[in-house]
Amino acid sequence: MTGRYAMEIDGLYKYYGKYKGVSDVSFKVKKGEIFGFLGANGSGKSTTIRCLLGLIHPGKGKIRLLDGRYPKLKDALQHIGYMPSESMFYPQMRVKETIAFAAKSYRKDCSAESSRLCRILDLPLDKKIAELSLGNRKKVGIVCALQHQPELLILDEPTSGLDPLMQERFWMLIKEACHAGASCFLSSHILEDIRTYCDRMAIIKDGDILKVGTLSDLIGSQPKKITFWKDGQLEFRSYAGSGGDLLAYLQDLQADDFLVEEPSLADLFRHYYQEEKNGFTDA
Ligand SMILES: Nc1ncnc2c1ncn2[C@@H]1O[C@H](COP(=O)(O)OP(=O)(O)OP(=O)(O)O)[C@@H](O)[C@H]1O
């Protein structure tokens, strides 16, 4: 394992009794990058995240965080911001008390940064947690994860429940943190978020990593979608050949007009999860 990575996972394996959580999960998150972790329900995203944070013990595998600079996990956790998919807070605490309470576990003054984050996310500081909407509760989780300006963010479905304006602000904060040198590893079901904001991504299915790479690495290896009009009919093909042969392929179609598109991340996800194929037939 080299020295450029915020997170390195090698051969992670976790069974819950006889039930598989993940097997042979390996990938690396580089410093400064936003890395998306994409998978269907029950595919192993939370299991991987829980292993990373020491919340559960993997059966096998190596995990190295922050270049191994902090040999003890409890010291590394001081430099990590974690947001679970469903944060649990004391319902009778006010928002400002909850955030200050979370800040106490870090050995630094987080007050200036937490005020800034609360202002950006428009949080009602004096309300009790029990009185908050789901989206506002999510925002409290975001402030708790970011307020100590961690080197590594580990976020489990961070944007679900946020309105579009708050999603935009959330991503602005993440980009700002990563621009300043932090790294962000986040799981999401929202393909558009992964496509727009993540530098690289991993796709996990049934506890196995299927692919790791940039969006173009992942979709570049997939067939292009061809839509064409011929004799007043609309038809579809998928083309998996070389770029050089594409022109000849299009000429052979003898179409009146055509459109060639890269597959979308949604197509890719559907491809790996082998759902319906949108009516496209293979070339
Ligand atoms: N405590 C547990 N006991 C037994 N099986 C578990 C436990 N936690 C998770 N699993 C199983 O491990 C597999 C991976 O679950 P995990 O929660 O990691 O998926 P996920 O990708 O986070 O799903 P989601 O998107 O629905 O949150 C699933 O088959 C799940 O049923």
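Select T227 first: in this predicted model, the bridge partner of T227 is F236, in strand β11. Extend the selection to residues 224-230, which form strand β10; β10 and β11 pair in the antiparallel sense over 7 bridges.

Next, add β12 to display the whole sheet. The sheet is open, has 3 strands in the order β11-β10-β12, and its pairing is antiparallel. Colour β11 (233-239) and β12 (257-261) as the edge strands, since each pairs on one side only. Viewed across the sheet, the twist averages 15° from one strand to the next.

Now colour the chain by domain, with residues 5-213 as domain 1 and residues 222-273 as domain 2. The centres of the two domains, taken over C-alpha atoms, are separated by 38 Å. The contact between them takes 8 residues from domain 1 and 5 residues from domain 2. On the side of domain 1 that touches domain 2, select α7 (191-197) and β8 (200-205), the elements that give two or more residues. The largest share of that side, 3 residues, comes from α7. By character, the residues of this side of domain 1 divide into 6 nonpolar, no polar and 2 charged.

Finally, turn to the ligand. Select Y16, Y19, G21, G39, N41, G42, S43, G44, K45, S46 and T47, which surround the ligand. Within this shell, β2 (19-30) and α1 (45-52) each supply at least two residues. Which element gives the most to the shell around the ligand? That element is α1, with 3 residues. Coloured by residue class, the shell shows 2 nonpolar, 8 polar and 1 charged.

Terms used: Residues numbered from 1 in each chain as written. Predicted model: local features only at pLDDT ≥ 70, side-chain atom pairs only at ≥ 80, totals over all residues. Pairing = 2+ DSSP bridges. Helix = DSSP H or I, 4+ residues; strand = E, 2+ residues; numbered from the N terminus. Axes fitted to C-alpha atoms, helices over the stretch in contact; angles between N-to-C directions. Near = placed C-beta within 6 Å. Nonpolar A, V, L, I, M, F, W, Y, C, P; charged D, E, K, R; others polar. Domains from an automatic or database assignment. Contact = placed C-beta atoms within 7 Å.
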